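Hi everyone, thanks for making time. I'd like to walk you through a structure that is probably new to most of you, so let's bring it up on the screen.

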Amino acid sequence: MSHYLVNELPGIEQLRYLELGIYDGENFKLVRAQFKTSCDVEPKWRATFVGTTDAFFAQLTPNAQFDAIYIDACHSFSFVLRDFNNSVAHLAPRGVILCHDLVPPTEASSDGAQCGDAYKLLVGFIANVSHYSDFFVQDEDHGLTLFRAPPLPPASWLSEYGTVPYASFRSVLTAIPLYGVGEMQRIARETRIVP
């Protein structure tokens with residue numbers, strides 16, 4: 001659930017919000033943005049677009065933009081990587097992307113039924129932290145991660161992390177700070193988004 005973080009963004013009421021993977025709509029309903037769009041392939045609640053995230057992005061006009069995008073659809077690395085890159089292509093200047101399930105708490109939870117292997121995306125950012133440092137990982141909630149105005153990550157550098165084993169991920173994770181809920185809310189409040 002990212003609503004507690006999204007709602008801390010200054011001016012959230014006027015921002016354009018996109019949620020990929022709406023499921024039962026509980027998170028989506030609590031986000032206070034006036035302009036909200038959602039996508040899910042099999043939603044348990046009404047979604048703006050019913051279909052895959054690939055199909056959703058394919059039908060957008062090239063100039064469609066969102067100020068805040070929450071990625072929580074398929075948790076497989078290849079899907080999250082595509083969702084992230086597609087989101088960056090439609091992210092407003094100084095926008096934010098939030099990704100859920102980037103820190104599975106156990107190796108067993110890194111299978112497809114829970115968090116999946118989306119953690120590999122985070123490994124790519126940690127490994128390149130000297131170039132891509134404006135991201136913040138929460139120490140709970142399966143590693144909810146906030147990326148502020150992320151640069152467009154070409155597949156050439158992120159896709160190479162698709163084979164990283166879970167044990168290596170846990171080791172790499174120690175290289176960055178993890179933030180508590182209150183710290184994440186402060187970071188969100190300090191994020192200035194210009195719609």
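**A walk through the model**

Let's begin with the largest pocket, which holds about 500 Å³ of space. It has 25 lining residues, and those closest to its centre are Gly21, Tyr23, Asp40, Asp72 and Ala73. Two elements give two or more residues each to that lining: helix H2, at 26-30, and helix H3, at 53-59. If you sort the lining by class, you get eight nonpolar, eight polar and nine charged residues. Keep in mind throughout that this is a predicted model.

Okay, on to the sheet. What order do its strands come in? It's an open sheet of eight strands, and reading across you go S3-S2-S1-S4-S5-S7-S6-S8, with mixed pairing. The edges are S3, at 49-50, and S8, each of which pairs on one side only.

At the S3 edge, the neighbour is S2, residues 35-40; two bridges join S2 to S3, and they run parallel. Here we meet Asp40 again, one of the residues closest to the pocket centre. Asp40 stands opposite Val50 in S3.

Now walk over to the other edge, where S6 sits between S7 and S8 in the order. S6 covers residues 135-138, with Phe135 and Val137 pointing one way and Phe136 and Gln138 the other. Are those four buried or exposed? All of them are buried. On one side, three bridges join S6 to S7, residues 145-148, and that pair is antiparallel. Phe136 faces Leu146 across that pairing. S6 and S7 make a hairpin with six residues between them, and in the turn Asp141 has a positive phi of about 55°. With S8, residues 178-179, S6 shares two bridges, this time running parallel. Val137 has Leu178 as its bridge partner there.

Next up, the inside. The largest nonpolar core has 40 residues, and the ones with the most contacts inside it are Phe56, Phe84, Ile97, Leu121, Leu122, Phe125 and Phe147. Which element gives the largest share of this core? That's H5, with six residues. There's also a second, separate core of 24 residues, including Leu5, Leu9, Val31 and Tyr179. As a general point, nonpolar side chains in soluble globular proteins tend to be buried together.

Let's stay with H5 for a moment, residues 119-127. Eight of its nine residues are buried, so H5 is largely enclosed by the rest of the structure. The buried ones run from Tyr119, Lys120, Leu121 and Leu122 through Val123, Gly124, Phe125 and Ile126. Take Leu121: setting aside neighbours within four places in sequence, it is in contact with Phe77, Val80, Leu81, Phe84, Cys99, Leu102, Phe147 and Leu158.

That brings us to Phe77, which belongs to helix H4, residues 77-89. How does Phe77 come out, buried or exposed? Its relative accessible area is 7%, which is under the 20% cut-off, so Phe77 counts as buried. What surrounds Phe77? Again leaving out neighbours within four places in sequence, its contacts are Asp117, Ala118, Lys120, Leu121, Leu158, Ser159, Tyr161 and Gly162.

One last distance, linking back to the sheet. Phe77 and Phe136 are 59 residues apart along the chain, and their C-alpha atoms are separated by 19 Å. That's my tour, so over to you.

Note on methods: Residues are numbered from 1 along each chain as its sequence is written. This is a predicted model: local features need pLDDT of at least 70, side-chain atom pairs count only at pLDDT 80 or more; totals for chains, interfaces and linings use all residues. Side-chain values use heavy atoms; hydrogens and water are left out. On a 1 Å grid over the protein atoms alone, a cavity is a set of points where a 1.4 Å probe fits but cannot get out, and a pocket is an open set with protein on both sides within 12 Å along at least five of seven lines; lining residues have an atom within 4 Å of a point. Grid points are joined across faces, edges and corners, and a volume is the space filled by probe spheres set on the points. Ala, Val, Leu, Ile, Met, Phe, Trp, Tyr, Cys and Pro count as nonpolar, Asp, Glu, Lys and Arg as charged, and the others, Gly among them, as polar. Buried means under 20% relative accessible area, exposed over 50%, partly exposed in between (1.4 Å probe, protein chains only). Two strands pair if DSSP finds at least two bridges between them. A nonpolar core is a set of buried Ala, Val, Leu, Ile, Met, Phe, Trp, Tyr and Cys residues joined through side-chain atoms within 4.5 Å. Contact means heavy atoms within 4.5 Å.
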